[in-house]
Amino acid sequence: MSRRRRPTRAPAGGGAPGWRGRAMIVLAGLGAAISGYLTVAHYSGALALCAGAGGCETVQASRFAAVAGVPVALLGLALYLLLLGLSAWRTWAPRTAAAPVALTLFGLALAGTLYSGYLTYLELYVIGALCPWCLGSAALVTAILGLAAWDVVDATSDAPARGLCRAYD
Amino acid sequence: MTRSIQQKHGRRPHSRAAERRPSRRWWLAVVVAALAVVGGLVLLGQAQPGATAAAVATAGKVKGDPAAPVTIAVWADFQCPACRLFALGPGRQVEERYVKDGTAKLVWHNLAFLGQESVWAAEAADCADAQGRFWDYHDKLYAEQTGENRGAFGKDNLKRFAADLGLDQAAFNACLDSDRYAGQVKAERDAGRQQGVSATPTLFINGQKIQGAPPFEQLAQLITAQAAAARTRGEARP
C-alpha cells in the first residue's frame with residue numbers, strides 16, 4: 001500500500017502569516033467598527049451606548065476625548081484601517097515586502113497598544129470612569145500586537161534563505 | 001526537490017535583498033518610532049490647558065479652565081445651609097469629576113440675602129479674591145458655617161479665617177473694615193434677582209436653571225449632555 005505523503009505546512013519564514021493574518025484582519029475589522037462607532041458618536045454629539053456598565057458618557061465628554069482637535073476615536077479608526085490593510089497585505093501577498101510590512105504592522109500595533117494603555121490609565125485615575133468600548137479596543141489592539149510580533153519574527157526569520165520548504169515527509 | 005516545490009507553489013526564489021534579515025536596528029527603529037508617536041500624542045494631550053488633574057485653575061471667582069465647554073454658574077449665600085451642603089457634596093464631586101478634567105468650570109456669584117452676616121461674608125470673600133484666594137476662603141466659610149446671623153460670620157471671625165489661611169492680614173482687614181466690596185455685593189444680589197434667582201443655591205448649567213442642590217448624578221447627566229451639545233455646536237475646545 002502506497003503511503004500517501006502529505007506536504008507539511010509551509011514554514012512561515014518570510015512567508016504567509018496563515019491563520020494569524022486572518023485573525024489580525026478580523027480583529028482590526030472589529031476595532032475599526034468600534035472606533036468608527038465612537039467617531040460617529042463624537043461628531044453627532046450622541047452619547048455612546050454602554051452595555052449596562054461603564055462611563056462612556058463621562059469619558060466621551062472629557063477633554064481627553066480629542067487630541068489637538070482630532071477625536072481619539074478617529075485616530076483609532078485610522079489606526080485600525082491601516083492595520084486592516086497591512087494584515088490583508090500580509091495575508092494575500094505574503095512574499096511581497098514581507099519584512100517591512102510585518103515590521104510596520106508591528107510598529108503600528110505597538111503604538112496603538114501603548115497609547116491604549118495610557119488612555120486606560122487616564123480613565124482609571126484621572127477621568128474616574130471606564131468606557132467598555134475603549135477597553136474592548138485596547139484588548140483588540142493588544143491582541144493584534146501579539147500576532148504581529150509573532151508574524152514579524154516569522155517574516156524576518158532565516159528560513160527562506162535556508163531553503164524555503166521542508167519538502168515532504 | 002526544493003526547486004520543484006517552489007514551482008508547484010508558484011513561488012519565485014527570493015533575491016538576496018529580499019531574504020536579508022532586518023537587523024536589530026530596524027527593530028529598534030520601529031520601537032522608537034512607536035514610542036515617539038505615543039509620546040507625541042501624550043504630550044499633545046497634556047499640553048491642552050487644564051489637562052492635568054493636579055491643578056485647577058482659578059481666575060477670580062472662576063474655578064476651572066475658562067474655556068471649558070460647560071459653565072456652571074452658582075448663585076449662593078455663605079450662610080445658606082443648602083449652599084453648604086451643595087458646596088461640600090455635589091459641588092466637590094463636580095469639581096473632581098468635571099472641573100479638573102476641563103469639561104466644566106464653576107463661576108461663583110454672591111447672592112447675599114440672608115442678613116448682615118451674609119453680606120459681610122460675601123465682602124470678606126471678595127477681599128480674599130483680591131489676594132487671589134477666593135476659593136480657599138469660600139471653602140473656609142462653609143467649613144465654619146454654624147447658623148444665620150449669630151456671630152459666626154462677624155467681622156472678627158472673618159478676619160480670623162483670613163489669618164488662618166495665611167492671607168495678608170493688614171490688607172484683608174483694611175478691605176473688610178472699609179466695606180470696599182459692599183457695593184459690588186449689592187449689585188451682584190440685584191443682578192441675581194433680575195435673572196430670576198430667588199433662592200439659593202441656584203445653578204445655571206450653560207444657562208439651564210436648577211434651583212436647590214441637586215444630587216451629583218443629576219448634575220453629571222446635565223453636564224455630560226451640555227458638553228456633548230457644545231461639542232456638536234463646535235464650541236468645545238480640542
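This is a stop-by-stop tour of a predicted model, with something to select at each stop.

**Stop 1: chain B as a whole**

Start by showing chain B alone and colouring it by secondary structure. You'll be looking at 11 helices and six strands. Chain B has 238 residues, and 45% of them are buried. Switch on the surface and you have about 11,600 Å² of accessible area for this chain, 54% of it belonging to carbon and sulfur atoms. How much of the contact network joins residues at least 24 apart? Among contacts between residues at least 6 apart in sequence, the share is 75%.

**Stop 2: strand 3 and its partners**

Now hide the surface and select residues 70-76 of chain B, which make up strand 3. Is this strand enclosed or open? Six of its seven residues are buried, so strand 3 is largely enclosed by the rest of the structure.

Add residues 104-110 of chain B to the selection; that's strand 4. Strands 3 and 4 run parallel, and seven bridges join them. To see one of the pairings, pick A76(B) and look across to N110(B), its bridge partner in strand 4.

Then bring in strand 5 of chain B, residues 202-205. Which way does strand 5 pair with strand 3, parallel or antiparallel? The sense here is antiparallel, over four bridges. Click on A73(B) for an example: its bridge partner in strand 5 is F204(B).

**Stop 3: the two ends of strand 5**

Stay around strand 5 and step back to P201(B). This proline is in the loop that runs between helix 10 (182-194) and strand 5 of chain B. Show the backbone atoms here, because there is something to check by eye in the link from T200(B). That peptide bond, from T200(B) to P201(B), is cis, with omega near -5°.

Next, go to N206(B), in the loop between strand 5 and strand 6 (208-211) of chain B. N206(B) isn't a glycine, yet its phi is positive, at about 50°. Its relative accessibility is 28%, so N206(B) counts as partly exposed.

**Stop 4: another positive phi**

Select D179(B), which sits in the loop between helix 9 (169-177) and helix 10 of chain B. Here again the residue is not a glycine and has a positive phi, about 50°. With a relative accessible area of 31%, D179(B) is partly exposed.

**Stop 5: the disulfide**

From D179(B), move to helix 9 of chain B and show C175(B) as sticks, together with C127(B). How far apart are the two sulfur atoms? They are 1.9 Å apart, and the two cysteines form a disulfide. The count over all chains comes to one disulfide. As a reminder, this kind of link is a covalent bond between the sulfur atoms of two cysteines.

What does the pair tie together? C127(B) lies in helix 6 (residues 116-130) and C175(B) in helix 9, so the disulfide ties together parts that are 48 residues apart in sequence. Look along the S-S bond and you'll find a torsion of about -85°, so the disulfide is left-handed. Both ends are tucked away: C127(B) is buried at a relative accessible area of 2%, and C175(B) is buried at 3%.

Two further cysteines are worth a click. C80(B) is buried, with a relative accessible area of 5%, whereas C134(A) is partly exposed at 23% relative accessibility.

**Stop 6: a long-range pair in chain B**

Select G91(B), in helix 5 (residues 90-99) of chain B. At 5% relative accessibility, G91(B) counts as buried. Now add A213(B) and draw a distance between the two C-alpha atoms: the separation is 8.8 Å, although these residues are 122 apart along the chain.

**Stop 7: a nonpolar patch on chain A**

For the last stop, switch to chain A and turn its surface on. Select Y121(A), L124(A), Y125(A), L130(A) and L135(A), which together make a nonpolar surface patch of about 490 Å². Which helix gives the most to the patch? That's helix 4 (residues 98-127) of chain A, with three residues. Y121(A) lies in helix 4, and its 43% relative accessibility makes it partly exposed.

Definitions and conventions: Residues are numbered from 1 along each chain as its sequence is written. Chains are lettered from A and ligands numbered from 1 in the order in which they are written. This is a predicted model: local features need pLDDT of at least 70, side-chain atom pairs count only at pLDDT 80 or more; totals for chains, interfaces and linings use all residues. Side-chain values use heavy atoms; hydrogens and water are left out. Buried means under 20% relative accessible area, exposed over 50%, partly exposed in between (1.4 Å probe, protein chains only). Two strands pair if DSSP finds at least two bridges between them. A disulfide is a pair of cysteine sulfur atoms within 2.5 Å. Contact means heavy atoms within 4.5 Å. Accessible areas come from the Shrake-Rupley method with a 1.4 Å probe; for residues, only the protein chains shown count as cover. Patches are made of residues with over 30% relative accessible area and no salt bridge: like charges are joined within 9 Å, nonpolar side chains (Val, Leu, Ile, Met, Phe, Trp, Tyr) within 5 Å. A salt bridge is a side-chain nitrogen of Lys or Arg within 4 Å of a carboxyl oxygen of Asp or Glu.
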